[in-house]
Amino acid sequence: MISALDAASPAIRLYLLHGPDEAGAADHAARLGRALGTDAEKVAIDGSSLKGDPGRVVDEARSLALFGGRRWILVSGVGDDALEAARLLIAEPHVEHPVVFLGPGLRGKGKLVEFAVAEPAAMSFACYVPDGANADRMVAGIARDQGLRPTQNAARRLMTASNGDRAVIAREIEKLALYLDAAADRPRDLDDDALDALGAELGDAQMSDVVDAALEGRVRDIARALGRFTESGGAAIPLLRQMVRKLMTLAAMRAEVESGRPAAAVVKARHVHFREVASTVRQVERWKSADIAAAIDRLRRAERAQMAAGGAGEILSDVAITETTRAAARAR
């Protein structure tokens, strides 16, 4: 699957990435974008919008990029109700640009997955959070691309600190490669000393406090939670990405609720940790699909501002998180 994404073959119109590892799926999708070139235009679509307009994917896949060149379409939070959109895409005789479906809630024997497996012009790939030796290999692979050779302990520390989020791991490894002056043609060893020097621990507990306070609309608690997170040495980008991951999960569950399933049943089917069941049910009931899409867009804009040189990224990050908290509070 990875080689197919890197090849970006025009023979493949649809890439279906499904399974519980949402960060891994998003990272795989980004590989396709990079394979298409730095100038390739990405068009983001919320999967819930395809229910009433399944032809939108075909329209986007046929359209010219804003400045010419390549483009690719990323559809997040898809369910089996996106099957008609997939059928239209495969049946369309003239498709210029590839489409990626992200479906964290899709079942391996669901209609959409079976359709993608059967179609020569589509590819289906199940994404699972790696553990044990697989996790070590995943971290080592990301590090190798940046010219780093991590020790086993360093790889496990990165995996634990990032909670298995490939995007966060990649960002930490990029910083470590710069610190060690590593590159593919000048590899360097990555050990505990380098991790300690760069402070690659992510303040997981404080991060969770911020995410929970924001998505539950606890306006009175959010400033205090953000303060504790900053004091722990936490960085804005991993926090923003963690919030987006949680919102994408909520988007998939909310789509099922809006199709008629009870929120409690949807959450139970996701095997959410028992300590998080009650809060997750509240969040699924509170957040509407349109509000989730708006919040994801707001947080991603804040992340881009955070990465912009000389920008007021930290301030904009706090503002975006506070606005998200207020949006959740209004939805009560």
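**Exercises on a predicted model**

Five bridges join strand S1 (residues 14-18) to S5, and the two strands run parallel. The exercises below concern a predicted model.

**Exercise 1. The sheet**

Determine the order of the strands in the open sheet, and state which strands lie at its edges.

*Solution.*
Step 1. The open sheet is formed by five strands, and their order is S2-S3-S4-S1-S5. The pairing is parallel.
Step 2. Strand S2 (41-46) and strand S5 (122-126) are the edge strands, since each pairs on one side only.
Step 3. From one strand to the next, the twist averages 15 degrees.
Step 4. Within the sheet, Leu17 stands opposite Phe125 in S5.
Step 5. Helix H5 (residues 111-118) packs on the sheet and touches S1, strand S4 (99-103) and S5. The direction of H5 makes about 125 degrees with that of S5.

**Exercise 2. The packing of H12 and H14**

Classify the arrangement of helices H12 and H14 from the angle at which they pack, and describe their contact.

*Solution.*
Step 1. Two packed helices are described by the angle between their axes and by the distance between those axes.
Step 2. Helix H12 (residues 236-258) packs with helix H14 (residues 277-286) at an angle of about 65 degrees, and their axes are 9 Å apart.
Step 3. Angles of 65 to 115 degrees count as roughly perpendicular. H12 and H14 are therefore roughly perpendicular to each other.
Step 4. The crossing of H12 and H14 is right-handed.
Step 5. On the H12 side, the contact is made by Lys246, Leu250, Met253, Arg254 and Val257. Thr280, Gln283, Val284 and Glu285 contribute from H14.
Step 6. Sorted by class, the contact of H12 with H14 has four nonpolar, two polar and three charged residues.

**Exercise 3. Positive phi values**

For Ala8 and Asp181, give the phi value, locate each residue and decide whether it is buried, partly exposed or exposed.

*Solution.*
Step 1. Most residues other than glycine have a negative phi.
Step 2. Phi of Ala8 is near 50 degrees, a positive value in a residue other than glycine. Asp181 is likewise a residue other than glycine with a positive phi, near 55 degrees.
Step 3. Ala8 lies in the loop between helix H1 (2-7) and S1. The place of Asp181 is the loop between helix H8 (166-180) and strand S7 (188-190).
Step 4. Buried means under 20% relative accessible area, and exposed means over 50%. With a relative accessible area of 12%, Ala8 is therefore buried. Asp181 has a relative accessible area of 41% and is therefore partly exposed.

Terms used. Residues numbered from 1 in each chain as written. Predicted model: local features only at pLDDT ≥ 70, side-chain atom pairs only at ≥ 80, totals over all residues. Heavy atoms only, no water. Axes fitted to C-alpha atoms, helices over the stretch in contact; angles between N-to-C directions. Helix = DSSP H or I, 4+ residues; strand = E, 2+ residues; numbered from the N terminus. Parallel < 35°, antiparallel > 145°, perpendicular 65-115°, else oblique. Left-handed = near helix turned anticlockwise from the far one by under 90°. Contact = heavy atoms within 4.5 Å. Nonpolar A, V, L, I, M, F, W, Y, C, P; charged D, E, K, R; others polar. Pairing = 2+ DSSP bridges. Buried < 20%, exposed > 50% of the residue type's maximum accessible area, 1.4 Å probe, protein only.
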